[in-house]
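Student: I should like to work through this model with you, residue by residue and then strand by strand. Please place it before us.

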Amino acid sequence: AAITRNIADLGADAALHRIPAERFVSTIRDSYDLVFVDPPYADDPTAVLAALPRLLTADGLVVVERSAREDLTWPEGLEGIRDKSYGETRLYYGRTA
């Protein structure tokens with residue numbers, strides 16, 4: 001609810017998709033400038049990340065939230081550009097390779 005309100009308040013050209021990420025990446029045909037991936041820490045995001053290169057615009061950015069205790073290996077088609085830890089959380093930033 002907060003995300004939907006924030007999108008409306010900002011007047012952002014954005015959409016919130018409330019479906020499992022695996023289904024999203026297999027059915028969506030649009031392209032995106034920004035994709036947030038925030039799976040439960042125990043889940044492996046590799047399959048979802050591997051599908052993202054075809055969904056990102058040329059300048060698109062993907063942000064992945066993981067446990068600070070785990071490293072992220074970017075799949076073929078994506079490259080990491082930076083990461084930053086915040087306590088127990090680490091954010092990884094990537095783009096198409």
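Student: Is Lys84 buried, exposed or partly exposed?

Tutor: This is a predicted model, in which local features need pLDDT of at least 70, side-chain atom pairs count only at pLDDT 80 or more, and totals for chains, interfaces and linings use all residues. Residues are numbered from 1 along each chain as its sequence is written, and side-chain values use heavy atoms, with hydrogens and water left out. Lys84 lies in strand E3, where helices (H or I, at least four residues) and strands (E, at least two) are DSSP runs numbered from the N terminus. Buried means under 20% relative accessible area, exposed over 50%, and partly exposed in between (1.4 Å probe, protein chains only), so Lys84, at 36%, is partly exposed.

Student: How far apart in space are Lys84 and Ser67, C-alpha to C-alpha?

Tutor: Lys84 belongs to strand E3. Along the sequence, Lys84 and Ser67 are 17 residues apart, and their C-alpha to C-alpha distance is 11 Å.

Student: What is the order of the strands in the open sheet?

Tutor: Two strands pair if DSSP finds at least two bridges between them. E1 and strand E2 (residues 56–67) pair in the parallel sense over 5 bridges, whereas E2 and strand E4 (residues 89–96) run antiparallel and are joined by 6 bridges. E3 and E4 are also antiparallel, with 8 bridges. The open sheet of 4 strands thus has mixed pairing and the order E1-E2-E4-E3.

Student: Which strands stand at the edges of the sheet, and why is one side of each left without a neighbour?

Tutor: The order of the sheet is E1-E2-E4-E3. Each edge strand has a single partner strand, so one side of it is left without a neighbour in the sheet; these strands are E1 and E3 (78–86).

Student: By what angle are neighbouring strands of this sheet turned against each other on average?

Tutor: Axes are lines fitted to C-alpha atoms, for helices over the stretch in contact, and angles run from 0 to 180 degrees between N-to-C directions. For this sheet the direction is ignored, and the average turn between neighbouring strands is 15°.

Student: Which residue in E2 is the bridge partner of Phe36?

Tutor: The pairing of E1 with E2 is parallel. Within it, Tyr32 has Leu56 in E2 as its bridge partner. For Phe36, the bridge partner in E2 is Val63.

Student: What is the handedness of the β-α-β crossover from E1 to E2?

Tutor: The chain leaves E1, passes through helix H3 (residues 46–51) and reaches E2. A crossover is right-handed if, with the strands pointing away from the viewer, the path from the first strand over the helix to the second runs clockwise. This one is right-handed.

Student: Which residue takes a positive phi in the hairpin of E3 and E4?

Tutor: In the pairing of these strands, Asp83 stands opposite Tyr92 in E4, and Tyr86 has Thr89 as its bridge partner. There are 2 residues between the strands, and the one with a positive phi, near 65°, is Gly87.

Student: Is Arg69 buried or exposed?

Tutor: Arg69 is placed in the loop between E2 and E3. Its C-alpha atom is separated by 7.3 Å from that of Glu88, 19 residues apart along the chain. With a relative accessibility of 69%, Arg69 is exposed.

Student: Is Val25 buried or exposed?

Tutor: Val25 is part of helix H2. The C-alpha atoms of Val25 and Val48 are separated by 6.6 Å, with the two residues 23 apart along the chain. At a relative accessible area of 7%, Val25 is buried.

Student: What separation is found between the C-alpha atoms of Pro53 and Thr96?

Tutor: Pro53 is in the loop between H3 and E2 and is partly exposed, at 23% relative accessibility. Pro53 and Thr96 are 43 residues apart along the chain, and their C-alpha atoms are separated by 5.7 Å.
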